[in-house]
Protein chains: 2
Amino acid sequence: MIELADRRAGAAKNTPAAAAAAARVAVPPRAGTSGAQAAAPVVDVAALGELLLGKWADTRRTARALAGRPELHKLEGLTHTEHRRRAFGQLKILVENGAVHRAFPASVGGADEHGGNVAGFQELVIADPSLQIKAGVQWGLFGSAVNHLGTAEHHRKWLPGIMNLDIPGCFAMTETGHGSDVASIATTATYDPATEEFVVHTPFRAAWKDYIGNAAVDGVAAVVFAQLVTRGVNHGVHAFYMDLRNPDTKEFLPGIGGEDDGVKGGLNGIDNGRLHFTHVRVPRTNLLNRYGTVDADGGYSSPIASPGRRFFTMLGTLVQGRVSLDGSAVTASKLALKTAIQYATERRQFNASSQTDEEVLLDYQRHQRRLFTRLARTYAAGFASEQLLQKFDDVFSGRADTDEDRQDLETLAAALKPLSTWHALDTLQECREACGGAGFLIENRFASLRADLDVYATFEGDNTVLLQLVAKRLLADYAKEFRHVNFGVLARYVAGQATGAAIHRTGLRGVAQFMADTGSVQRAAIAIKDEASQRALLTDRVQTMVAEVGSALRGANRLPQQQGAALFNSHQNELIEAAQAHAELLQWEAFTEALGQVSDPDTRKVLTWLRDLFGLSLIEENLSWYLMNGRLSMQRARTVGDYINRLLVKVRPHALDLVDAFGFGPEHLRAEIATGAEKVRQDEARGHFRAQRASGDAPVDEKILLARQAHGTRAHGA
Amino acid sequence: MIELADRRAGAAKNTPAAAAAAARVAVPPRAGTSGAQAAAPVVDVAALGELLLGKWADTRRTARALAGRPELHKLEGLTHTEHRRRAFGQLKILVENGAVHRAFPASVGGADEHGGNVAGFQELVIADPSLQIKAGVQWGLFGSAVNHLGTAEHHRKWLPGIMNLDIPGCFAMTETGHGSDVASIATTATYDPATEEFVVHTPFRAAWKDYIGNAAVDGVAAVVFAQLVTRGVNHGVHAFYMDLRNPDTKEFLPGIGGEDDGVKGGLNGIDNGRLHFTHVRVPRTNLLNRYGTVDADGGYSSPIASPGRRFFTMLGTLVQGRVSLDGSAVTASKLALKTAIQYATERRQFNASSQTDEEVLLDYQRHQRRLFTRLARTYAAGFASEQLLQKFDDVFSGRADTDEDRQDLETLAAALKPLSTWHALDTLQECREACGGAGFLIENRFASLRADLDVYATFEGDNTVLLQLVAKRLLADYAKEFRHVNFGVLARYVAGQATGAAIHRTGLRGVAQFMADTGSVQRAAIAIKDEASQRALLTDRVQTMVAEVGSALRGANRLPQQQGAALFNSHQNELIEAAQAHAELLQWEAFTEALGQVSDPDTRKVLTWLRDLFGLSLIEENLSWYLMNGRLSMQRARTVGDYINRLLVKVRPHALDLVDAFGFGPEHLRAEIATGAEKVRQDEARGHFRAQRASGDAPVDEKILLARQAHGTRAHGA
């Protein structure tokens, strides 16, 4: 054990994870640990913590230190007015700490650092999701639009004020009538060559900008998205910089009006609101004209000829929001799991297996299932999130910025963001319930985080719509490239698409073996728990689902529009399921790749159990598909649940290590039940009863008295 | 159509459902309705609405009228202090309206009416869940404990003040250390014959009463649960009436202390808190002694000799809370579905099937799947809830009050409350997401209701613990009665248990046919959609799961305690799944029985589709089980999804009727997007573009221009 203690203490000693690990080495076995033996593997918590911090570990550490400061924390129980005021003040603290300028051009004092910027942003969710999203509105959306859609003059003119918060602003894209279908927004910007101005106008109520952060109170400027019309031609959606309010009086400028969206289900530190424009004139040069410009006479020109491609290129800069939310959702899941698992190792209820001691919650099978399956998915989502962030950085840094790279990035973000945000909501809720009434107290944060993260499933792209985008991409590629090719080629295609890494050429052979297999239960279990088999099963499902829908939809484009749409719609559910299967495969691949980066064999062993738990959970969730499609025999399918149960038992002794590796300190967790207070209470209670039993003063239980009397009667009678 | 209009107008004209139906007859087909034809069935909304109101329809109507009054509505955005004050004030309005006294004895001005009392209570969730639960604490728990555990003298002394709110009180059972395991609470009440008093004492921190409603601010008295100790014997948990605070100063009486639980994830109109007692003396006569009493000398006596049975009898009165929450959760699901489905018939996004008109959301297959499967389950849960309430009334009125009746009632409540409360959370969330950003605004109520109902999954019995209670009951009965009997007898047993109605004797034969069947896809589909086949499949699953776990656990009681507990624990997950399957079967049976009460053939037809959608959804969710256990062939299993998709299309034209039948007026819905405002906005937008197209002033889309130019170039070149 000394060697282990040394190894642990040696690595990154100043992290909370390392401190927790070091503190723990002295007192094995942990209270409530079951099945731990001398030969059991030991997780190198500090090294695992480093791995989880990823490529931008230092940036994350800096951001976490900031997020741990009390003045940035969410105060519960504020009115939305108070919370808004607090969040705005917190933005200034971020500015003072240089926490939000990494992505801006060096020319205006930024660092042109895209991946690191998002990594730092993702950690802000720990302090207060409202603060995070308010910062996201100001710098990730409003500032980012000026940065990516504007040109040098725009940068020089507005970015300094945006960066230092002199210009709090809005990203005014969504309208009451159009959220997901941005191309159909109805606000117009019509060029008037007489004055060299655009006239921005809201034609009807549904075209009001809506749900716009900073719009209700703080925004003095906005990037407004509108249909650009010049010389009678609508060139599609473009972005315009516009002053909204008098910076001193905060009153709307002439022609501009709005409403407060009021209280929301969460994120009440952000002042979302509505905006409308009545023939508001903005200078021609306020068009953010990187991808399309209008000359003084009203002539339109663009470096991108196709209006469709131009639109998607402009919107492509939005991918940053999806990447940001993906990792933030994973961080929230980690917070919840650390608290719930910590509590579950201390909390006791019911004494099934002893006359005196109650069971620790985490020793209950169902409790393990509830928490460990989600822990496994959180690890998978975290590794996938890191891959997405690196891909994002490659593209935005220009290192790998082809059209295909951008499309891959967008598909990856559209696949991962829905899964991680839904997973965060699911995990926060399950952890809330797993902690019972204590989970519902705001002091333990589950309910607060869940309320705030709810809308992460909707903004920056509705999850269901995003998954359709993924499905359509899978399908379009399938129809274009693979209409007449055999299944094997498609297999390679999807595997390549899925991992962005080496193609798993043997996948289909593995599947064929499965299908032929009718062997013993034991052999079946070995096959399922094998990494190659998990990969084959998960990959095959994506391939087959895409191919089946693709084949069912073949020729849809040649039908009259209405019939084609109806045919497509009749397969919408399958399409979304295929996209989800694709995204889950990506997560599984990311987890599996990460195993290769773990050098400590013990740690790799435990993480492999966790990866298997994730893989087997995915297979169990879709077991009917594997059975219906002849991929698993009845006998083999019946082993999945048992094998999952065995994995739960294996993971149990390492559960605390696996959540300690997330590296949160008490200043990040801020949950009463994650402080060890429950253990103190339980120890006090057990001490009381132990002392009472020893003293002989304990009242006799009526049940025991009756049993004694019955025994006495029988003995007497005998 | 005239006959239909007459029929509709004839029935219960003054309900909102009837008014909505009458208003609608004039304007078929409804906007966005797809697939409606002249011969399509028409739902009799008014008659269906009456059926849904159930046995206590008049009481529900009265309670809804009250719940529609603005002074009882939740105000959003209040601090928890303000909300608490408002909720307390609202309780007085309930008193003034005689809304909460139905269950109390006639001797003190009540009506001895148990079912009606709960029916009325369930409707209060419409006004504000905080108000509902605060009323539940005062009259359903505190008052009910005095009523059911106390005797005539207690009733005379305290019930009038409890009923009129002169004595706001607490139900102090749960402790920080023990929630689910009430038998292990650690507060003691030790009898002192010298003064004829009980000494109530909190021995350690974990024994503080916690999460107690009314404890932080309002409660001046409490029913405190404690281990009754007299003459050195602990007779188990008993209830004691205790004064808590000086009614004038609201200060704690000597020896009593407490804490505020603070802000919670929801229900912030209730002042939950903690209480502790330091040798607090209460008169001997304050023991609520219906089931156990102590004479002046300290002699204990009870009409129930077995301490175990005595404990469960006392706790049995708690079943009222579970019954109450079950129906309340269904009501909340109905509110959400009415709003989301109404909005989905008006909201448009993307124009896949037309150049000019966007699709109505409810015509998207995925949207139908998200909302209609939950609508079907809500109907099932509602009919099951009504059966539970009637059973509750039978028992508590004394009409059918044997031990077996009580056990059946408790098992039924423990089975249904988890499913309906989880379903409400799932439905509120899905509806929230299905309405996008609008769903997140508090003005549309999803997020508010969801936050408040969150803890319905925990209090009055944690859902997971309740399902284990059900499983243990199923298993205990199985082990006791059917250890050596054949499968057929077990089949009848479970079917009888499930429905409380006629035994489905042909069930197993039907299942055998399924297992033998390898027929065509068409035959398979017919078999699955058949009522008897659904029943056979669902029943068979419960039977088999219980039998399998029962057989695996055989002999567990003869093992040493620790090994027995470990064996039990290794099947905990299966046990809970078996209990859930049982509860779902109960819901399906209740829905099926309700179909027999629908006289209008059209309505019955549509409701049968909805019941089939529920049944098939259950089978789809557990499809892997049916496949692994040879109950469905691969071919047949593959038809389930398709058949569900076809049912969605059939239900689509009736979706609005099915939610209008819930009978909510705008004063109950109180959601901006349920007002028809979206339709007004959509009509205005479409009118704008129609006029623009007609005028010839519309700007030309660049895409169309490019297409024209390309065409012109080609024409020129030819």
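Colleague: In this predicted model, what makes chain A and chain B copies related as by a two-fold rotation axis?

Modeller: A turn of 180° and a shift of 0.0 Å along the axis lay chain A on chain B with an RMSD of 0.0 Å. The two copies are therefore related as by a two-fold rotation axis.

Colleague: Which residue of chain A comes closest to the rotation axis?

Modeller: That residue is A:S624, whose C-alpha atom is 2.0 Å from the axis.

Colleague: How do you know that the same surface serves both copies?

Modeller: Of the contact residues of chain A, 100% recur in chain B.

Colleague: Why is α3(A) called oblique to α11(A)?

Modeller: Helix α3 (residues 45-53) and helix α11 (residues 365-396), both of chain A, pack at an angle of about 50°, and their axes are 9 Å apart. Angles under 35 degrees count as roughly parallel and 65 to 115 as roughly perpendicular. The angle of about 50° falls in neither class, so α3(A) is oblique to α11(A).

Colleague: Which residues meet where α3(A) and α11(A) are in contact?

Modeller: From α3(A) come A:L48, A:L51, A:L52 and A:L53, and they meet A:Y379, A:F383 and A:E386 of α11(A). The residues of this contact comprise six nonpolar, no polar and one charged. Glu counts as charged, whereas Leu, Phe and Tyr count as nonpolar.

Colleague: What does UniProt place at residues 316-475 of chain A, and how much of that span is helix?

Modeller: The unreviewed UniProt entry places the feature "domain: Acyl-CoA oxidase C-alpha1" there. Residues 316-475 are 74% helix and 0% strand, with their end C-alpha atoms 20 Å apart.

Notes: Residues numbered from 1 in each chain as written. Chains lettered and ligands numbered in written order. Predicted model: local features only at pLDDT ≥ 70, side-chain atom pairs only at ≥ 80, totals over all residues. Heavy atoms only, no water. Axes fitted to C-alpha atoms, helices over the stretch in contact; angles between N-to-C directions. Helix = DSSP H or I, 4+ residues; strand = E, 2+ residues; numbered from the N terminus. Parallel < 35°, antiparallel > 145°, perpendicular 65-115°, else oblique. Contact = heavy atoms within 4.5 Å. UniProt positions renumbered as here; feature names shortened; annotations may be inferred. Least-squares fit on C-alpha atoms with pLDDT ≥ 70 in both.
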